[in-house]
Amino acid sequence: MRDTLLIALYAFAGAGATGLVGAAVLRPIRRRSLTASLAVVAAVGVVAMLAGTLAVAWAMFLSPHDLTVVTTVVAMAAVVSLATALLLGRWVVARSRELAVAARSFGDGGAFAVPAGPTTAELDALSRELASTSARLAESRDRERALETSRRELVAWISHDLRTPLAGLRAMSEALEDGVAADPGRYLRQIRTEVERLNEMVGDLFELSRIHAGTLPLAPSRMSLYDLIGDALAGADPLAREHGVRLVGHAVESVPVEVDGKEMSRVLGNLLVNAIRRTPADGTVAVAAERSAEGVVVSVTDGCGGIPEEDLPRVFDTGWRGTHARTPPAGAGLGLAIVRGIVEAHQGHATVRNIPGGCRFEVTLPTVP
């Protein structure tokens, strides 16, 4: 038993000294190639075994022949281990370089393609993460391009919509100033109308900027959805009469919601105005509200004839106004973007889908506990 302990002690001492030397060597080369680190690790394992064997042989006074045999065996093992470590290191480094080249492609705006061939589990997991990141970056680039397109369209449309009333205001003011206006009262009323249009447009832009900046102030309180819809229908009734459209509020449940009354009234008002302007005379705009598994759903159904399927994903984008046939003279395509922003600020979501003869806008709000 005592001899066994001495052998273990001498072997541990020799191997331990070799391990300390190997750790000292690994520290300065830890930032270099993986091949060098693998070679050092393999060398430490073999040299540790050799050092332990030599320490035991010296303590036990083995014969020179036996010591030569042991040393030769360990040396051959060292050569094979180092060669294997170098081959493995070169293979892993080659795979990592292929991965770096593939990663550089989606960093330059392309798509990441996983290098072909076998690889280690860690590099395979890294490849999957890079592929997932590449897909998210591609989606982000697509969204950025869509936003940039909508911004350019918005600037163009706002510029056009501002130029028309401003030109009219200038002409009417010059006519009043020169005293050539046949009916000054009518000119003043028209000026007031145009100023109100401009004020509404500026207000929409300001609201949208606060929504995009995440600074939309909300003061939620519990109120009845029935009352909110009733007030919105009363406010939109004059416009509906002007366009010859019937407003119908059916299946409106008196369910409580916790919302900002002013902002939610704006949501309902924008949806109703949008539906009335796009519904032909003698058409019907219907409002409904009911509970669902997702929350409280408020829907506005119009008779616009439907929206092209390729345009449905863009309906709530900033500046979207659809085809010229469906675009009224007024408006800059901000109403539905404001609707989505306000609803999402209330932790809800807005959707649209086609139905026979028109489309149905739905606003889903969280239920009140």
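## Glu362 and the sheet around strand β7

The side chain of Glu362 makes a polar contact with the side chain of Arg353, at 3.2 Å. This distance, like every other value here, belongs to a predicted model. Glu362 is found in strand β7, and its relative accessible area of 17% makes Glu362 buried, because that value falls under the 20% limit. Leaving aside neighbours within four places in sequence, Glu362 is in contact with Val297, Val298 and Ser299, and also with His349, Ala350, Thr351 and Arg353.

The strand that holds Glu362 is part of an open sheet of five strands, arranged in the order β2-β4-β5-β7-β6 with mixed pairing. At the edges stand β2 (246-252) and β6 (349-355), each with a single partner strand, so one side of each is left without a neighbour in the sheet. On average, and with direction ignored, neighbouring strands of this sheet are turned by 15° against each other. The pairing of β6 with β7 is antiparallel and runs over seven bridges; in one of these strands, β7, Val363 is the bridge partner of Ala350.

Two helices lie across strands of this sheet. Helix α6 (residues 225-243) lies across β2, β4 (284-291) and β5, and runs at about 170° to β2, whereas α8 lies across β6 and β7 and runs at about 25° to β7.

Strand β7 also contributes to an aromatic pair. The count of such pairs comes to one, formed by Phe316 and Phe361 in an edge-to-face arrangement, with 6.0 Å from centre to centre and 85° between the planes. Phe316 lies in the loop between β5 (296-301) and α8 (335-345), while Phe361 lies in strand β7 (residues 358-365), so the pair ties together parts that are 45 residues apart in sequence. The table sets out the burial of both rings' residues beside that of Glu362.

| Residue | Relative accessible area | Class |
|---|---|---|
| Phe316 | 7% | buried |
| Phe361 | 4% | buried |
| Glu362 | 17% | buried |

A further element is helix α5 (residues 184-213), whose 30 residues should span 44 Å at 1.5 Å a residue; the end C-alpha atoms of α5 are 43 Å apart, which agrees with that expectation. The buried residues of α5 are Tyr187, Ile191, Glu194, Leu198, Met201, Glu207, Leu208 and Ile211. Just after α5, Gly214 takes a positive phi of about 70°.

Note on methods:
Residues are numbered from 1 along each chain as its sequence is written. This is a predicted model: local features need pLDDT of at least 70, side-chain atom pairs count only at pLDDT 80 or more; totals for chains, interfaces and linings use all residues. Side-chain values use heavy atoms; hydrogens and water are left out. Helices (H or I, at least four residues) and strands (E, at least two) are DSSP runs, numbered from the N terminus. The expected span of a helix is 1.5 Å times one less than its number of residues. Buried means under 20% relative accessible area, exposed over 50%, partly exposed in between (1.4 Å probe, protein chains only). Rings of Phe, Tyr and Trp (its six-membered ring) pair if their centres lie within 6.5 Å; planes under 30 degrees apart count as stacked, over 60 as edge-to-face and the rest as tilted. Two strands pair if DSSP finds at least two bridges between them. Axes are lines fitted to C-alpha atoms, for helices over the stretch in contact, and angles run from 0 to 180 degrees between N-to-C directions. Contact means heavy atoms within 4.5 Å. A polar contact is a pair of N or O atoms within 3.5 Å; within protein, one must be able to donate a hydrogen and the other to accept it, and residues adjacent in sequence count only if both atoms are side-chain atoms.
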